[in-house]
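The paragraphs below walk through one structure, moving from its helices and strands to the side chains that join them. Please keep the sequence and the coordinates in view while reading.

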Amino acid sequence: MLRIGLYQLHKPDPAVPWAESVGALRELLDAGTIRASGISNVTTDQIREARQILGDGLVSVQNRYSPAVRDSESELRLSTELGLAFLPWSPLGGISRSSLDGPSTSAGTAFHHIAAERGVSPQRIVLAWLLARSPVVIPVPGASRPASIADSAGAAELVLSTEELARLEHALPG
Ligand SMILES: NC(=O)c1ccc[n+]([C@@H]2O[C@H](COP(=O)([O-])OP(=O)(O)OC[C@H]3O[C@@H](n4cnc5c(N)ncnc54)[C@H](OP(=O)(O)O)[C@@H]3O)[C@@H](O)[C@H]2O)c1
């Protein structure tokens, strides 16, 4: 039987009780239509409730997370605790070429400085920084150019030093 490997619920529907939406994932798991499920754009309470309903059938959380948008820190922490993959969407800020091309913020400057020292793109530094946040992080950068994909893939091999990570943390807003 053909199964969907990972089926992700895009966003909680405010008109539908969360337990009911997650219950539909439970039914897909039980029917064998999907092997594993994920949830996206969720709070810590929604992650906990989904975990209760889906158990090990819940494997991933996909929230927006990047140097510029870090309001999912608590969801990242909880995903780490529970061993759920955390897939930051728009990890480069969604419009990364324009947002990272001009180092107008202290965080942007720090990412650019380290990129220049390493001789790599600022985007690769952002992705390496995300990978260093937690072992459960799997960034999903978007790209329309093959060159972007090849460049971003290099982040998997780039290990930032403790000193570099401290510089980046120091430069990030609040
Ligand atoms: N779950 C959700 O609610 C949700 C919402 C939004 C997005 N997403 C997912 O998140 C993923 C990524 O989001 P996104 O595309 O909005 O934002 P993003 O990954 O933050 O940024 C994509 C932009 O970064 C550029 N880029 C990527 N790698 C680069 C590199 N190494 N060097 C230079 N530029 C680079 C791309 O340029 P080029 O196009 O020129 O290659 C593109 O303009 C997508 O797969 C999307 O499906 C999920």
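In this predicted model, a convenient place to begin is helix α3, where Glu73, Glu75, Leu76, Leu78 and Ser79 are buried. The buried residues of α3 are covered by elements that include α2, β3, β4 and α6, and just after the helix Gly83 adopts a positive phi of about 75°. Glu73, which is among the buried residues of α3, will return below in connection with salt bridges.

One of the elements covering α3 is α2, a helix that spans residues 44-54 and in which Thr44, Gln46, Ile47, Ala50 and Leu54 are buried. Viewed down the axis of α2, these buried residues fall within an arc of 155°, so they line one face of the helix. The underlying geometry is a familiar one: an α-helix has 3.6 residues a turn, so residues three or four places apart point the same way. On the other side of α2, by contrast, Asp45 and Gln52 are exposed. As for what the buried residues of α2 meet, they pack against α1, β2 (34-40), β3 (58-62) and α3. After α2 comes Gly55, whose phi is positive, near 55°.

The strands come next. How many of the 5 residues of β3 are buried? The count is 4 of the 5, so β3 is largely enclosed by the rest of the structure. β3 pairs with β2 in the parallel sense over 4 bridges, and within this pairing Ser40 stands opposite Gln62 in β3. To get from β2 to β3 the chain passes through α2, and the resulting β-α-β crossover is right-handed. β3 also pairs with strand β4 (residues 85-86), again in the parallel sense, over 2 bridges, with Ser60 standing opposite Ala85 in β4. Here the chain crosses from β3 through α3 to β4, and this β-α-β crossover, too, is right-handed.

Ser40 deserves a closer look. This residue is found in strand β2 and, at 3% relative accessibility, counts as buried, because the cut-off for that class is under 20% relative accessible area. A polar atom of the Ser40 side chain lies 3.3 Å from the backbone oxygen of His10. When neighbours within four places in sequence are left aside, Ser40 is in contact with Leu9, His10, Lys11, Pro12, Gln62, Asn63 and Trp89; this list contains His10, to whose backbone oxygen the polar contact is made, as well as Gln62, the residue that stands opposite Ser40 in β3.

The account can now turn to charged side chains, for which the count comes to 8 salt bridges. One of them joins Asp30 to Arg26, with the closest N and O atoms 2.9 Å apart. Asp30 and Arg26 are 4 residues apart in helix α1 (residues 18-30), which means that they are separated by about one helical turn. Of this pair, Asp30 is exposed, with a relative accessible area of 54%, whereas Arg26 is partly exposed, at 28%.

Another salt bridge is formed where the side chains of Arg133 and Glu73 meet, at 3.0 Å from N to O. This pair links distant parts of the chain, since Arg133 belongs to helix α6 (residues 122-133) and Glu73 to helix α3 (residues 73-82), 60 residues apart. Arg133 is partly exposed, with a relative accessible area of 27%, while Glu73, at 18% relative accessibility, counts as buried. Both residues also take part in a network of salt bridges that links Arg70, Glu73, Arg133 and Glu169.

Which parts of the chain are tied together by the salt bridge between Arg167 and Glu117? The side chains of Arg167 and Glu117 meet at 2.9 Å, N to O. Arg167 lies in helix α8 (residues 162-171) and Glu117 in helix α5 (residues 106-118), so the pair ties together parts that are 50 residues apart in sequence. In terms of accessibility, Arg167 is partly exposed at 29%, whereas Glu117 counts as exposed at 52%.

Methods. Residues are numbered from 1 along each chain as its sequence is written. This is a predicted model: local features need pLDDT of at least 70, side-chain atom pairs count only at pLDDT 80 or more; totals for chains, interfaces and linings use all residues. Side-chain values use heavy atoms; hydrogens and water are left out. A salt bridge is a side-chain nitrogen of Lys or Arg within 4 Å of a carboxyl oxygen of Asp or Glu. Buried means under 20% relative accessible area, exposed over 50%, partly exposed in between (1.4 Å probe, protein chains only). The arc is that of the directions from the helix axis to the C-beta atoms. Contact means heavy atoms within 4.5 Å. Two strands pair if DSSP finds at least two bridges between them. A crossover is right-handed if, with the strands pointing away from the viewer, the path from the first strand over the helix to the second runs clockwise. A polar contact is a pair of N or O atoms within 3.5 Å; within protein, one must be able to donate a hydrogen and the other to accept it, and residues adjacent in sequence count only if both atoms are side-chain atoms.
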